[in-house]
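These are my notebook entries on the structure shown below. I record what I looked up, element by element.

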Amino acid sequence: MNLKLNIKAAMMGLAAVGLGATAAGAEQLAKIREAGQIVTATDMHYAPFDMLVQGEYQGMTKDLFDEVSKEIGVEPVYQDIPWPAELPGLEVGRFDIVIAPVTITPERQERYTFTPPIADATVSLVGRADNDDLRKPEDIAGKRVGVQQGTAQFRQLQAFGETLGGVDVREYGTTDEAYADLAAGRLDAVAGSLPNLTYLVKNRGDTFALFEPASFGEPTYFAWVLRKEEASESFAAAIHDAMVKMTEDGRVQAIQEKWLGTYTELPLEVPAD
């Protein structure tokens with residue numbers, strides 16, 4: 001099934017998988033606590049944040065959100081939704097929160113409420129380990145570069161490519177598909193967030209290598225997304241308080257080190273747009 005059909009099917013099925021998502025206009029945190037669950041949406045094909053391992057949902061996002069849910073006192077309900085269907089589904093109230101890592105941008109801040117950052121999202125590049133011709137970001141001029149569609153990394157890659165006189169940008173539904181084409185020689189590089197690509201190289205260093213330097217563009221962050229409405233304010237505040245507590249007691253650091261191999265201190269407030 002192609003991506004368009006996947007997205008269409010996901011959107012048609014959102015009502016069925018809502019599992020009691022909060023209706024617009026209701027006080028969201030109270031409804032969540034009454035239901036005893038937070039209904040989430042994420043794309044489980046975005047290692048190391050979200051992935052399916054032998055059918056089991058794992059990753060840095062899950063570990064973080066498990067702890068947030070404990071602090072709020074409810075159970076998380078995890079749903080695997082294609083990325084292009086997540087924000088539209090959130091807007092119509094099919095789930096409470098999007099926990100797929102979403103890059104904070106000024107445009108998105110006008111439309112959505114963000115939690116404090118959960119990770120660095122600075123756009124970076126990875127190539128094949130056996131290709132010594134492409135090693136610095138400027139080397140992608142005129143080359144085939146894959147990137148997940150609909151992401152902030154896609155837009156940053158396009159803008160960077162324009163400064164180089166053009167890049168052949170190829171869009172993919174998932175990063176796994178882009179990595180497969182890179183390994184097969186159908187791409188020259190893949191653009192993504194630094195944590196994703198660091199994890200890829202850590203686990204498949206015989207096939208892939210980070211550019212040197214790997215990153216380009218302005219530093220950015222990943223966060224989770226709620227609806228931008230008065231009813232969501234208490235829910236957003238509860239998540240903020242949980243993440244502050246988890247940062248202070250070391251849980252955030254432990255989870256980062258487990259999945260990324262290193263710890264990056266993150267802002268405890270949403271960066272200004």
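In which sense do strand S9 (residues 123-128) and strand S12 (residues 189-193) pair, and over how many bridges? I worked from a predicted model. In that model S9 and S12 pair in the antiparallel sense, and the pairing runs over four bridges. I then looked up the residue facing Leu125 and found Ala191 of S12 opposite Leu125.

Entry on the sheet. I traced the strand order and noted S11-S10-S12-S9-S13, an open sheet of five strands with mixed pairing. Strand S11 (168-172) and strand S13 (208-215) are the edge strands, each pairing on one side only. For the twist I noted that neighbouring strands of this sheet are turned by 35° against each other on average, with direction ignored. I also checked what packs on these strands: helix H8 (residues 194-203) lies across S9, S12 and S13. The direction of H8 is at about 145° to that of S13.

Entry on strand S1. How many of the five residues of S1 (residues 37-41) are buried? I found four of the five buried, and I describe S1 as mostly covered. Next I looked up the partners of S1. Strand S5 (residues 75-77) runs parallel to S1 and is joined to S1 by three bridges. Within S5, Val77 is the bridge partner of Val39. Strand S6 (residues 97-103) also runs parallel to S1, with two bridges between them. Here I noted Ile97 of S6 as the bridge partner of Thr40.

Entry on the helix pair. I recorded two quantities, since two packed helices are described by the angle between their axes and the distance between the axes. The axes of helix H2 (residues 28-35) and H9 come within 6 Å and cross at roughly 70°. I therefore classed H2 as roughly perpendicular to H9, because angles of 65 to 115 degrees fall in that class. On the H2 side, the contact is made by Gln28, Leu29 and Ile32; on the H9 side, by Ser234, Phe235 and Ala238. By class, I noted four nonpolar and two polar residues in this contact of H2 with H9, and no charged ones.

Entry on Val244. Is Val244 buried or exposed? Val244 lies in helix H9 (residues 233-248). Its relative accessible area is 17%, so I entered Val244 as buried, the cut-off being under 20%. Finally I looked up the separation from Pro76: the two residues are 168 residues apart along the chain, and their C-alpha atoms are separated by 19 Å.

Definitions and conventions: Residues numbered from 1 in each chain as written. Predicted model: local features only at pLDDT ≥ 70, side-chain atom pairs only at ≥ 80, totals over all residues. Heavy atoms only, no water. Buried < 20%, exposed > 50% of the residue type's maximum accessible area, 1.4 Å probe, protein only. Axes fitted to C-alpha atoms, helices over the stretch in contact; angles between N-to-C directions. Parallel < 35°, antiparallel > 145°, perpendicular 65-115°, else oblique. Contact = heavy atoms within 4.5 Å. Nonpolar A, V, L, I, M, F, W, Y, C, P; charged D, E, K, R; others polar. Pairing = 2+ DSSP bridges.
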